[in-house]
Amino acid sequence: MEKKGARDKLREYFLNHLGEILDSDTLRKIAGISEWARRVRELRNEEGYQILTHHDRSDLKPGQYLLENLKPKPAFAREISKEVRAYVLDRNGFTCQMCGAVAGEPHPYEPSRKTRLHIGHIIDKSMGGTDDVSNLRAICSVCNEGASNLTLDRPSYDKLLIQVRRATGNDQLKVLEWLVKKFPKQSIDLSNKN
């Protein structure tokens, strides 16, 4: 009998609990590994499962996850070659570029764990980042768990509005649909707004 990996266990659990809000403690237990959040991101980014978080819906709290739909959307392929991985790790001195932890040594924030390095995107692929070596960095598993979809600066309202105004009408409607989904319980009276 083939042993299931953490990602397989999480996929099966999400599919069996479609539409239910799941918490991080439960998912950590199901996965059986400390890097369970990375496996959830892989289900989203590589397999296309629309696993929602508080970033997607206002009624979800940090640490809550929800799979609404069984059908995956097109996902990003993992396209970083072994050679590029080796180059980035060597260029970064086998050191996490966020916290300075060194591969193989006890992690400074979690001494019970040895530091494991991964290749991370500076600007995430979901936000338009590429697999070019200039957009890649060595990052430890501890920092990587908290770094999903972060960029250096979040856009202000004014900058975001400029981008939305520049978008096509169709894309503006998609933004509106996303906002309505994220804030389903909000009732906005636009007649009194400037």
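How many salt bridges does the structure hold? The structure holds 11, and several of them make a good destination on this tour. Keep in mind as you go that this is a predicted model.

**The whole chain**

Start with everything shown as a cartoon. The secondary structure comes to seven helices and five strands. Following the sequence, you will pass through the pattern α-β-α-α-β-β-α-β-β-α-α-α. Of the 194 residues in the chain, 31% are buried. Now switch on a surface: the chain exposes about 13100 Å², and carbon and sulfur atoms supply 53% of that area. If you draw contacts with a separation of 6 or more, 56% of them come from residues 24 or more positions apart.

**The three-stranded sheet**

Next, select β1 (21–23), β2 (51–52) and β3 (residues 64–67). These strands form an open, antiparallel sheet in the order β1-β3-β2. The edge strands are β1 and β2, each pairing on one side only. Zoom in on β2 and β3, which are joined by two bridges; here Ile-51 stands opposite Leu-67.

Add helix α1 (residues 6–16) to the view. Helix α1 lies across β1, β2 and β3, and runs at about 70 degrees to β3.

**Helix α3 and the salt-bridge network**

Keep α1 on screen and select α3 (residues 36–45). Nine of the 10 residues of α3 are buried, so this helix is largely enclosed by the rest of the structure. Charged residues are among the buried ones, including Arg-38, Arg-39, Arg-41, Glu-42 and Arg-44.

Now show side chains for Arg-7, Asp-8, Arg-11, Arg-38, Arg-39, Glu-42 and Glu-47: they are linked in a network of salt bridges. Side chains of opposite charge can pair when their charged atoms come close. Three of the links are worth a distance label:

- Arg-7 and Glu-42 form a salt bridge whose closest N and O atoms are 3.3 Å apart. Arg-7 belongs to α1 and Glu-42 to α3, so the pair ties together parts 35 residues apart in sequence.
- Glu-47 also meets Arg-7, at 3.2 Å from N to O. This pair links the loop between α3 and β2, where Glu-47 sits, with helix α1, 40 residues away.
- Glu-47 and Arg-11 form another salt bridge, with the closest N and O atoms 2.8 Å apart. Because Glu-47 lies in that loop between α3 and β2 and Arg-11 in α1, the pair ties together parts 36 residues apart in sequence.

Colour by accessibility before you leave. Arg-7, at 23% relative accessibility, counts as partly exposed, while Glu-42, at 9%, counts as buried.

**The β4–β5 pair**

Move on to strands β4 (residues 117–121) and β5, which run antiparallel and are joined by five bridges. Look for Ile-119, which stands opposite Ala-138 in β5. Five of the five residues of β5 (residues 136–140) are buried, so β5 is largely enclosed by the rest of the structure. Turn the strand to see both covered faces: Leu-136, Ala-138 and Cys-140 lie on one side, with Arg-137 and Ile-139 on the other.

**A loop residue to check**

Select Phe-94, in the loop between α4 (82–91) and β4. Phe-94 has a positive phi of about 50 degrees although it is not a glycine. With 40% relative accessibility, this residue counts as partly exposed.

**Last stop: a nonpolar patch**

Finish on the surface with Val-175, Trp-178, Leu-179 and Phe-183, which make a nonpolar patch of about 320 Å². Val-175 is found in helix α7 (residues 169–182) and is partly exposed, with a relative accessible area of 34%.

Key:
Residues are numbered from 1 along each chain as its sequence is written. This is a predicted model: local features need pLDDT of at least 70, side-chain atom pairs count only at pLDDT 80 or more; totals for chains, interfaces and linings use all residues. Side-chain values use heavy atoms; hydrogens and water are left out. Patches are made of residues with over 30% relative accessible area and no salt bridge: like charges are joined within 9 Å, nonpolar side chains (Val, Leu, Ile, Met, Phe, Trp, Tyr) within 5 Å. Accessible areas come from the Shrake-Rupley method with a 1.4 Å probe; for residues, only the protein chains shown count as cover. A salt bridge is a side-chain nitrogen of Lys or Arg within 4 Å of a carboxyl oxygen of Asp or Glu. Helices (H or I, at least four residues) and strands (E, at least two) are DSSP runs, numbered from the N terminus. Buried means under 20% relative accessible area, exposed over 50%, partly exposed in between (1.4 Å probe, protein chains only). Two strands pair if DSSP finds at least two bridges between them. Contact means heavy atoms within 4.5 Å. Axes are lines fitted to C-alpha atoms, for helices over the stretch in contact, and angles run from 0 to 180 degrees between N-to-C directions.
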